[in-house]
Amino acid sequence: MRFLSPNVPSMRYRWASLLFGLCLLTSPLLRSPATADEAADEPGNQIERPNILIAIADDWSYGHASAYGCPWVNTPNFDRVAKEGLLFNNAYTPNAKCAPSRAIILTGRYSWQLEQAGNHMCFFPAKFGGYVERLAADGYFTGFTGKGWGPGYADDADGNRRAITGKGYSKRKAQPPAKMISNNDYAGNFGDFLTDVPDGKPWAFWYGTTEPHRGYEYGAGVRMGKKTSDIDHVPSYWPDNETVRNDMLDYAVEVEHYDNHLGRILEQLEQAGQLDNTLIVATSDHACHFPVPKDKRMTNRITFRWRFVGQPGSSIPDAALMTLWTSRDLRRRF
């Protein structure tokens with residue numbers, strides 16, 4: 001029981017874990033184009049550990065970004081990460097529910113290996129650690145804003161609440177562009193986090209929007225200048241009418257809200273001179289909250305940027321599962 005698409009060879013799913021394991025080289029001596037052993041022999045060749053930014057939307061489907069050619073969703077900042085990094089074209093979530101899919105990302109385990117954490121609205125077993133907690137134990141400054149892991153309860157063995165995605169940052173608020181969108185100033189709260197990071201300390205931040213999860217303000221897309229005629233294709237399993245097309249545009253507004261804050265975060269990293277030493281993963285927990293996509297565990301969108309990424313602007317056609325990093329990788333790399 002692996003929740004895998006039957007038409008994709010299962011061995012390929014390990015590709016994503018291996019790739020991210022190679023990228024997340026956060027030991028004090030990183031692997032550069034030279035091997036670690038070669039680098040260790042050269043005095044002064046130590047490279048600082050990278051910062052890690054996870055930008056995760058809530059219920060956002062594959063294909064609904066301009067980087068994938070979607071004409072009715074404008075995501076210039078997601079597109080920028082793809083252009084300067086790698087874009088995945090065949091990525092899957094093993095469990096299309098918020099809590100288990102996020103537990104999978106945090107732990108690198110399949111949901112059937114996570115006991116209660118493989119379910120929605122659950123208790124996260126204390127024995128399963130996550131990569132954020134592991135990084136914090138090894139000297140990273142960690143934090144999050146918006147939706148971290150959840151819904152559910154994550155306590156340690158003594159019954160104390162775990163900082164499973166780091167310290168929360170949520171003081172800054174902003175007027176949302178549409179009803180049903182959170183007033184969390186995600187980028188502003190990231191700025192507070194960045195100010196709090198001690199000098200010389202690497203950090204890991206979880207930027208998690210509650211968008212584009214339902215509900216939506218009906219007609220928000222048209223009110224903000226979109227046209228129902230912009231939609232080039234309505235899936236055959238949905239009625240093609242004005243109500244559905246408006247619903248799709250209202251969903252697009254919330255996707256673009258996520259992207260706008262991602263852009264502001266990128267600007268802050270540039271201004272701080274930290275963009276090139278930050279591994280950025282832009283993704284979602286699972287597909288959109290419409291009939292069929294969420295129920296059928298449809299493909300997710302993933303892009304990531306880092307200076308050691310290889311050929312910027314490349315796309316990855318191979319199948320990739322959203323067990324992005326494994327416990328073995330964490331023990332070896334952190």
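# Buried loops, a covered strand and two cores

D59 is buried, its relative accessible area coming out at 0%. That is a good place to start with this predicted model, since D59 sits in the loop between β1 and α3 and has a phi near 70 degrees, a positive value in a residue other than glycine. Zooming out, the chain has 334 residues, and 57% of them count as buried. Its secondary structure adds up to 9 helices and 11 strands.

**The chain as a whole**

- Take the contacts with a separation of 6 or more: 74% of them are between residues 24 or more positions apart.
- About 14,600 Å² of the chain is exposed, and carbon and sulfur atoms supply 49% of that area.

**The loop between β1 and α3**

- D59 isn't on its own here: T75 is found in the loop between β1 and α3 too, with α3 spanning 76-84.
- T75 is buried, because its relative accessible area is 0%, and the cut-off for buried is under 20%.
- What does T75 touch, leaving aside its neighbours within four places in sequence? The list is W60, A65, S66, A67, V255 and D259.

**Strand β7 and its partners**

- β7 runs over residues 203-208, and 6 of its 6 residues are buried.
- Both faces are covered: W203, F205 and Y207 are buried on one side, while A204, W206 and G208 are buried on the other.
- β1 (residues 51-57) pairs with β7 in the parallel sense, over 5 bridges.
- β4 (residues 141-146) pairs with β7 in the parallel sense as well, this time over 6 bridges.
- A204 is a handy landmark in β7: I52 has A204 as its bridge partner, and T142 stands opposite A204.

**Helix α6**

- Is α6 (residues 186-196) largely enclosed or largely open? It is largely enclosed by the rest of the structure, because 8 of its 11 residues are buried.
- Those buried residues are Y186, A187, G188, N189, F190, G191, F193 and L194.
- The cover over them includes β4, β7 and α8, the last of these spanning 242-271.

**Nonpolar cores**

- The largest nonpolar core has 44 residues, and W72, W203 and Y207 touch the most other members.
- β1, α3, α6, β7, α8 and β8 (278-284) each put at least two residues into this core.
- α8 gives the most to it, with 11 residues.
- There is also a second, separate core of 32 residues, which includes L86, A103, L106 and I302.
- Back to Y207, one of the residues on a buried face of β7: what is it in contact with, leaving aside its neighbours within four places in sequence? The contacts are L53, I54, A55, I56, T145, Y186, H257, Y258, H261, L262 and I265.
- Among those contacts of Y207 is Y186, which is one of the buried residues of α6.

**On the surface**

- M121, F123 and Y153 form a nonpolar surface patch, and together they have about 340 Å² of accessible area.
- F123 lies in β3, a strand made up of residues 122-123.
- F123 counts as exposed because its relative accessibility is 55%, and the cut-off for exposed is over 50%.

**Backbone oddities worth a look**

- E211 and P212 are joined by a cis peptide bond, with omega at about 5 degrees.
- P212 is found in the loop between β7 and α7 (220-223).
- The peptide bond from R214 to G215 is cis too, with omega near 5 degrees.
- G215 lies in the loop between β7 and α7.
- E115 has a positive phi, near 50 degrees, in a residue other than glycine.
- E115 is placed in the loop between α4 (98-107) and β3.
- Unlike D59, which is buried at 0%, E115 counts as partly exposed, because its relative accessibility is 43%.

How values were computed. Residues are numbered from 1 along each chain as its sequence is written. This is a predicted model: local features need pLDDT of at least 70, side-chain atom pairs count only at pLDDT 80 or more; totals for chains, interfaces and linings use all residues. Side-chain values use heavy atoms; hydrogens and water are left out. Buried means under 20% relative accessible area, exposed over 50%, partly exposed in between (1.4 Å probe, protein chains only). Helices (H or I, at least four residues) and strands (E, at least two) are DSSP runs, numbered from the N terminus. Two strands pair if DSSP finds at least two bridges between them. Contact means heavy atoms within 4.5 Å. Accessible areas come from the Shrake-Rupley method with a 1.4 Å probe; for residues, only the protein chains shown count as cover. A nonpolar core is a set of buried Ala, Val, Leu, Ile, Met, Phe, Trp, Tyr and Cys residues joined through side-chain atoms within 4.5 Å. Patches are made of residues with over 30% relative accessible area and no salt bridge: like charges are joined within 9 Å, nonpolar side chains (Val, Leu, Ile, Met, Phe, Trp, Tyr) within 5 Å. A salt bridge is a side-chain nitrogen of Lys or Arg within 4 Å of a carboxyl oxygen of Asp or Glu.
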